[in-house]
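I sat down with this one to look up a few spots and jot down what turned up. Here are my notes, kept short for whoever picks up the notebook next.

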Amino acid sequence: SLDSVDTTAEQTAIAQCPNPVAADHTDRVFSGAEISRYPRHGRQPPAQVQEQISAWQALASANVLDHNTPGDDPQATPPPPLGYALGQLHGVYILAQNSKGLVVVDLHAAHERIVYEGLKQQYASQALRGQPLLVPVTVRVSEQEVRVALEHVEEFMALGLELEQMGPECLAVRAAPVLLAEADLAALTRDLLSDILHLGATDLLLQHANEVLSRMACHGSVRAGRRLSLAEMNALLRQMEATERADQCNHGRPTWIQLTVADLDRLFLRGQ
């Protein structure tokens, strides 16, 4: 029954709290050197490697790497401003082709801005709501931090976070905003509790709301090293195009740069 599932999840959360283990959710990104290590006689490379090979074969067969621009074909549909993804570099950068040339996107910085703007809009409209988690996230904290969390339940709820005491030095995060699906909720909760201890909940939300939301966005954005599919990369590019101030992250760093075909020609001394 559902009651037994909830009880099991809660017992699991309580058992985990005294000895929390930081899970590593970083996906492997296989380099060309790693791919070449797998022998070709009778053995198949791992599924992750095979998926990358298939993706690049699909790109080649579709002539995505061709340098033609919309101006070369009057019937061609112009690509979107940030173009279409070609692949991912070291799990940090997305490489995309648009009508001008090559677009290089800082994955973490771009997603951080998208999440930040989404949180700001929801908070301003009082629509920042938490979605119940299937399994609560346990957070090991001090007794003082537990008291602070219990005293400021409403302030956390305003940020879409539902906290509950699980023990003398343990909290459980039972709900979080959908935009924070990628977040380390335990680390985020500790950071917010630390901020409240230094600034107070009232000042934190009235005078430093954007700073709090920016911190939440940083925790909730895709980490560098995360391996994305081409569909996920293109979805991120379309989100960037629809997001205000998407050319800079929350800390003022650029999220993408443009290298035109002429820029690349100069780098390779073409036409000289």
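**Notes from the model**

I began with Glu 211, and at 54% relative accessibility this residue counts as exposed, because the cut-off for exposed is over 50%. I should say early on that the model is predicted.

I then asked where Glu 211 sits, and found this residue in helix α9, which spans residues 209-220. I also checked Glu 211 against Asn 250: the two are 39 residues apart along the chain, and their C-alpha atoms are separated by 9.3 Å.

Next I turned to backbone angles. Most residues other than glycine have a negative phi, so I looked up two that do not follow this.

His 90 is not a glycine, yet has a positive phi of about 55 degrees. I placed His 90 in the loop between β1 (84-89) and β2 (93-97). Buried or exposed, I wondered of His 90? His 90 counts as exposed, with 67% relative accessibility.

Gln 126 also has a positive phi, near 55 degrees, and is a residue other than glycine. I found Gln 126 in the loop between α4 (107-124) and β4 (131-140). Gln 126 counts as exposed because its relative accessibility is 62%.

Last, I looked at the surface. Which residues make the nonpolar patch of about 240 Å²? I noted Leu 150, Val 153 and Met 157. Of these, I followed up Leu 150, which lies in helix α5 (residues 143-151). Leu 150 comes out at 42% relative accessibility, so I logged this residue as partly exposed.

Conventions: Residues numbered from 1 in each chain as written. Predicted model: local features only at pLDDT ≥ 70, side-chain atom pairs only at ≥ 80, totals over all residues. Heavy atoms only, no water. Patch = residues over 30% accessible without salt bridge, like charges linked within 9 Å, V, L, I, M, F, W, Y side chains within 5 Å. Areas by Shrake-Rupley, 256 points an atom, 1.4 Å probe, with all protein chains shown as cover. Salt bridge = Lys/Arg side-chain N within 4 Å of Asp/Glu carboxyl O. Helix = DSSP H or I, 4+ residues; strand = E, 2+ residues; numbered from the N terminus. Buried < 20%, exposed > 50% of the residue type's maximum accessible area, 1.4 Å probe, protein only.
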